[in-house]
Amino acid sequence: MKIDKVLVPVDGSEFSRKAVEYAAQFAPMVGASVILLTCRLEVTSLLSKDLYEKAINDLDAHAEALLEPYKEIFAKAHVEVTDVVMGGTPEDTILQVAKGEDCDMIIMGSRGYSDIKGLFLGSTTHRVLQLAECPVTVIR
């Protein structure tokens with residue numbers, strides 16, 4: 001099995017950082033590029049045009065800032081990385097990007113930031129494990 005493209009979803013958590021560090025070591029070994037993904041909240045279209053655009057811009061700016069330290073880790077490892085910011089629920093967005101970008105593998109943290117604390121495996125991770133069409137590596 002050839003691994004050319006790896007999806008690494010992140011949310012700013014310690015678990016995401018560990019997944020990025022693992023992917024930064026793994027990708028060069030197999031010659032893969034990385035898609036670094038973060039999900040932002042969706043914004044309701046019920047807002048006025050100006051408020052809607054401001055909300056989107058603010059959320060995108062926050063997401064881009066969240067990605068910067070991860071991009072630096074990949075840059076130091078000489079890994080080709082494409083960063084993606086999308087709105088939507090994390091699990092649906094991860095699955096959509098993995099399929100749409102024809103990813104060969106997903107590397108993600110075992111838990112991230114969520115409203116449900118104390119679970120051994122986060123609900124997003126669990127759903128991705130159940131529904132992804134490619135292999136998923138979970139980093140603790």
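Leucine 51 is found in helix H2, which covers residues 49-76. The model is a predicted one. Helix H2 joins with S2 and S3 in a right-handed β-α-β unit, and these two strands also belong to an open sheet of five strands. The points below cover the surface around leucine 51, the sheet, and two loop residues with positive phi.

**Helix H2 and a surface patch**
- Leu51 contributes to a nonpolar surface patch, together with Leu47 and Tyr52.
- The area of this patch is about 250 Å².
- Leucine 51 has a relative accessible area of 49%, so the residue counts as partly exposed, a class that lies between the limits of 20% and 50%.

**The sheet**
- The order of the five strands is S3-S2-S1-S4-S5, and their pairing is parallel.
- S3 and strand S5 (136-139) stand at the edges; each has a single partner strand, so one side of each lacks a neighbour in the sheet.
- On average, neighbouring strands of this sheet are turned by 25 degrees against each other, with direction ignored.
- In a regular strand, side chains alternate between the two faces of the sheet.

**Strand pairs**
- Strand S2 (residues 33-40) runs parallel to strand S3 (residues 81-87), and seven bridges join them.
- Within this pair, isoleucine 35 has threonine 82 in S3 as its bridge partner.
- The right-handed β-α-β unit is made by S2, H2 and S3.
- Strand S1 (residues 5-9) pairs with S4 in the parallel sense, over two bridges.
- Valine 6 has methionine 105 as its bridge partner in S4.

**Loop residues with positive phi**
- Most residues other than glycine have a negative phi.
- Histidine 78 is not a glycine, yet its phi is positive, at about 60 degrees.
- The loop between H2 and S3 holds histidine 78.
- With a relative accessible area of 73%, histidine 78 is exposed, because the value is over 50%.
- Aspartate 102 also has a positive phi, near 55 degrees, and is a residue other than glycine.
- Aspartate 102 has its place in the loop between helix H3 (90-100) and strand S4 (105-109).
- The relative accessible area of aspartate 102 is 60%, so this residue is exposed too.

Notes
Residues numbered from 1 in each chain as written. Predicted model: local features only at pLDDT ≥ 70, side-chain atom pairs only at ≥ 80, totals over all residues. Heavy atoms only, no water. Patch = residues over 30% accessible without salt bridge, like charges linked within 9 Å, V, L, I, M, F, W, Y side chains within 5 Å. Areas by Shrake-Rupley, 256 points an atom, 1.4 Å probe, with all protein chains shown as cover. Salt bridge = Lys/Arg side-chain N within 4 Å of Asp/Glu carboxyl O. Helix = DSSP H or I, 4+ residues; strand = E, 2+ residues; numbered from the N terminus. Buried < 20%, exposed > 50% of the residue type's maximum accessible area, 1.4 Å probe, protein only. Pairing = 2+ DSSP bridges. Right-handed = clockwise from strand over helix to strand, strands pointing away. Axes fitted to C-alpha atoms, helices over the stretch in contact; angles between N-to-C directions.
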